[in-house]
Amino acid sequence: MKRRIGILTSGGDCPGLNAAIRGVARAAYELFDAEIIGIRNGYGGLIEGEYQEMSKKQFSGILTLGGTILGTSRQPFRNMRVIDERGVDKVAAMKKTYKDLKLDCLVTLGGNGTHKTANLLSEEGLNVIGLPKTIDNDIYGTDFTFGFHTAVDIATDVIDRIHTTATSHGRCMVIEIMGNKAGWLTLYAGLAGGADVILLPEVPYDIEKVAEAVEARAKSKKAFSIIAVAEGAMSEEEAKMKKKEREAYRATLPYDCISKRIAAQLSEMVGVEARHVVPGHIQRGGSPSAYDRVLSTQFGVHAAELIRDEIYGVTVALDGNEIIHNKLKDIAGVPKPVPKDDHVLVTARNMGICMGD
Ligand code: F6P
């Protein structure tokens, strides 16, 4: 059985992309007669016809490598059906590249936007298989995405290092963790790093409650406090606003990020010496953890098994200890915020960690 497979990575990168690519390729070569075409820079390469016929050896030595050997780009889903300034119909262009390359299927590694476009292409008649990656862990239908656990390890290491300097100086340190819409990364890293306060987009905070928690620690002679705040966290007042209104309100404030704002507020309200830290893209960089190497490989190999069995229009997922697949149409565009009854969130609350509400 011969199969021509196109593979691309789209959206923000994360550790484990190369491990997953390698998993697809190794299993495909093992299970059937595979030809693999690497599409450059995500859907952008599919639109522009930028690709490379890959050889077996190009998948060697990449298990531990961060980033993506294929390159990536963000191609917002909302613009996919919009004709661009050059008059290019992106969907038609992607279908043409698929056809010109005589592909039997397309494997797309990406997050939410990538899955929405994967579903669109599937509805347009292409054979598509998704692999869920993102440090945000916010793809519906999978317990975990690959890249998430590595980012938790990195963010936890940041908190650990901040902890020692916070202790020395008796300071309140506010650490801003990635995750605009979902707080999974902040929740897990905050708990693993022993944060005193964890603020998530899903749990609007009351700054008075945060100040009380910091003050109580100061009074109990634990002069330092560690606050893990998700970049997308918002106050109770802001949560009531529409997105545009919130953005306009924030533009009036003298802070360019949430951690800076909270540090300034606590310094004024409690009188503590406060600093903010934004580790940013460090959280997406470097080699995948052992957990993510295994998960990425399992996901990649399952994609090759699906190609062998000619099962398309699906994305690979983790369900407990099992690797499963969900229909793209069932998961594309469905949000996966941290639910109120999430067991890690409840654990944090029952530890006495202030969640800001
Ligand atoms: O989706 C992953 C993520 O790292 C988010 O946590 C973050 O909000 C966003 O990407 C940052 O995007 P960019 O790399 O385009 O600045």
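**Exercise 1. Identify which residues surround the ligand, and classify them.**

Solution. The ligand is surrounded by Arg74, Ile135, Asp136, Met178, Gly179, Asn180, Glu231, His281 and Arg284, where a residue counts as near if one of its heavy atoms lies within 4 Å. The model is predicted: local features need pLDDT of at least 70 and side-chain atom pairs pLDDT 80 or more, while totals for chains, interfaces and linings use all residues. Residues are numbered from 1 along each chain as its sequence is written, and side-chain values use heavy atoms, without hydrogens and water. The shell divides into two nonpolar, three polar and four charged residues; Asp, Glu, Lys and Arg count as charged, and Gly is among the polar ones.

**Exercise 2. State which atoms of Gly179, His281 and Arg284 lie close to oxygen atoms of the ligand, within the polar-contact limit of 3.5 Å between N or O atoms.**

Solution. For Gly179, a backbone N or O atom lies 3.3 Å from a ligand oxygen. His281 places a polar side-chain atom 2.8 Å from an oxygen atom of the ligand. For Arg284, a polar side-chain atom is likewise 2.8 Å from a ligand oxygen.

**Exercise 3. Determine how many disulfides there are, and explain the result for Cys172.**

Solution. A disulfide requires two cysteine sulfur atoms within 2.5 Å. By this rule the count is zero. The closest cysteine sulfur to that of Cys172 belongs to Cys354, and at 11 Å it is too far for a bond. Cys257 is also in no disulfide, since the nearest cysteine sulfur, that of Cys172, is 14 Å away. Cys172 counts as buried (under 20% relative accessible area, 1.4 Å probe, protein chains only), because its relative accessibility is 1%.

Notes. Polar contact = N/O pair within 3.5 Å; in protein donor to acceptor, adjacent residues only side chain to side chain. Buried < 20%, exposed > 50% of the residue type's maximum accessible area, 1.4 Å probe, protein only.
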